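Open the model in a viewer and keep the selection tool at hand. The stops below are meant to be taken in order.

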Amino acid sequence: MKMQLTGIEVRQIAVPLVSPFRTSFGTQHSREIALVRAETPDGEGWGECGAMSAPLYSSEYTRAVGDVLRDYLIPALATVRDLDPWQVAPALAPIKGHRMAKAALETAVLDAWLRAHRISFATWLGATRERVAAGVSVGIMDSIPQLLDAVGGYLAEGYARIKLKIEPGWDVEPVRAVRERFGDEVLLQVDANTAYHVSDARHLARLDPFDLLLIEQPLDEEDIRGHAELAKVLRTPICLDESIVSARSAADAIALGACSVVNIKPSRVGGYLEARRVHDVCVAHGVPVWCGGMLETGLGRAANVALAALPGFTLPGDTSASDRYYATDITEPFVLIDGHLDVPQGPGLGRTPVPELLDSVTVTKEWIPFPRPS
């Protein structure tokens, strides 16, 4: 069944975080997010954009998402006759970059299509599990005692894996403290968000004795060769995040020996169709994958949990419960049960915004009528 879109709504929201979240590129106190709602004569679909408020994680940022959607992406999509989800990415391909905005638009179209067909996101993706193990990402703290308190709290809640954000000056000692306090049985990994250089190889090798699952994105996203050189020095497996923007880049990184684990963030690679291709490439090469997070609301979290139920996702991801970041989510919250999150089984994403909650955090919204192809 083909689709007929009547219009696209782009909404900017700002949701307060339960506590500041600090990484090597800055501290967030609230999460500014662009949401896309695709409307059809029979229903609607939602997509969440992973872009942050400033171009620090990637070149995209929240306020620019509306501009590129309005001026370029939606007009490009309007040229497609007999629209279905598989035609979105090819239609948007002539516009360079803006993968996160493209992902939000494609997800909204896909969600609407799946709801119309009464198919869940998980079923359509090929999920093989009804629940997924949930990890938690722990930001850079002001002190090691504060870090230990936070990690202890998350372990008490039942999280299956701990990820520590690191940067120069906050790396070996925090990891050592967590290992000494909580033991070797805790699944532990670190994330540098591109904060290091190849010249830091000997320093990063000091993390090897702590038996980490992986070190995530230690070097600049364009430094694939540097990661390959670093992999020869470190015993700790290298995982790439920012460097992986497509199935092709994943295949190249694996072939060059730049990583032995891949973090798949659907927003970063341009959408869930491409995310599934990245998964398939990694499975074909025997490379484990896990699902990264961008502090999503329940909309983006629903899609990520469904993706994380695919067979190649063998490591716990950043699919934390809603209350890890938000006192009140904009959808029915995701709740941690025995270290796992349930995969939504309803049509489409299986989650929709609660209108009054959504309105309470809305900053702006814009309705863009969908022109019919000539």
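The tour goes from the core to helix pairs, then to single residues.

**Before starting**

This is a predicted model, in which local features need pLDDT of at least 70 and side-chain atom pairs count only at pLDDT 80 or more, while totals for chains, interfaces and linings use all residues. Residues are numbered from 1 along each chain as its sequence is written, and side-chain values use heavy atoms, with hydrogens and water left out.

**Stop 1: the core**

Select L77, V138, L164 and L207. Of the 128 residues in the largest nonpolar core, these four touch the most other members. A nonpolar core here is a set of buried Ala, Val, Leu, Ile, Met, Phe, Trp, Tyr and Cys residues joined through side-chain atoms within 4.5 Å. Buried means under 20% relative accessible area, exposed means over 50%, and partly exposed lies in between (1.4 Å probe, protein chains only). Helix α3 gives the most to this core, with 10 residues. Helices (H or I, at least four residues) and strands (E, at least two) are DSSP runs, numbered from the N terminus.

Now show the surroundings of L207. Not counting residues up to four places away in sequence, L207 touches I166, D171, V172, V175, V190, L212, I215 and T236. Contact means heavy atoms within 4.5 Å.

**Stop 2: α3 and the residue after it**

Select α3, residues 99–117. This helix has 19 residues and reaches 26 Å from its first C-alpha to its last, close to the 27 Å expected at 1.5 Å a residue. The expected span is 1.5 Å times one less than the number of residues. Of the 19 residues of α3, 15 are buried, so the helix is largely enclosed by the rest of the structure.

Step on to R118, which follows α3 and lies in the loop leading to α4 (121–125). What is unusual in the backbone here? Most residues other than glycine have a negative phi. The phi of R118 is positive, near 60°. R118 counts as exposed, at 64% relative accessibility.

A second residue of this kind is T194, whose phi is about 70° although it is not a glycine. T194 sits in the loop between β7 (188–191) and α7 (201–204). Its relative accessible area is 25%, so T194 is partly exposed.

**Stop 3: α1 against α3**

Add α1, residues 62–77, to the selection of α3. The two helices pack at an angle of about 55°, with their axes 10 Å apart. Axes are lines fitted to C-alpha atoms, for helices over the stretch in contact, and angles run from 0 to 180 degrees between N-to-C directions. Angles under 35 degrees count as roughly parallel, over 145 as roughly antiparallel, 65 to 115 as roughly perpendicular and the rest as oblique. α1 and α3 are therefore oblique to each other. On the α1 side, the contact is made by V65, V68, L69, L73, I74 and L77, and on the α3 side by A101, K102, L105 and V109.

**Stop 4: α9 against α11**

Select α9, residues 247–255, and α11, residues 272–284. Their axes come within 8 Å and cross at roughly 25°, so α9 and α11 are roughly parallel to each other. A247, A250, A251 and I254 of α9 make the contact with E274, R277, V278, V281 and C282 of α11.

Within α11, pick D280. D280 is partly exposed, at 43% relative accessibility.

**Stop 5: K165**

Which strand holds K165? K165 lies in β6, residues 161–165. With a relative accessible area of 7%, K165 is buried. Leaving aside neighbours within four places in sequence, K165 is in contact with residues including F21, R22, T23, W170, D191 and N193. Measure to S24 as well: the C-alpha atoms of K165 and S24 are separated by 7.4 Å, and the two residues are 141 residues apart along the chain.

**Stop 6: H203 and E356**

H203 lies in α7 and is partly exposed, with a relative accessible area of 27%. Beyond its neighbours within four places in sequence, H203 is in contact with D171, V172 and Y196.

End at E356 in α13, residues 355–361. E356 is exposed, with a relative accessible area of 55%. E356 and I330 are 26 residues apart in sequence and 8.6 Å apart in space, C-alpha to C-alpha.
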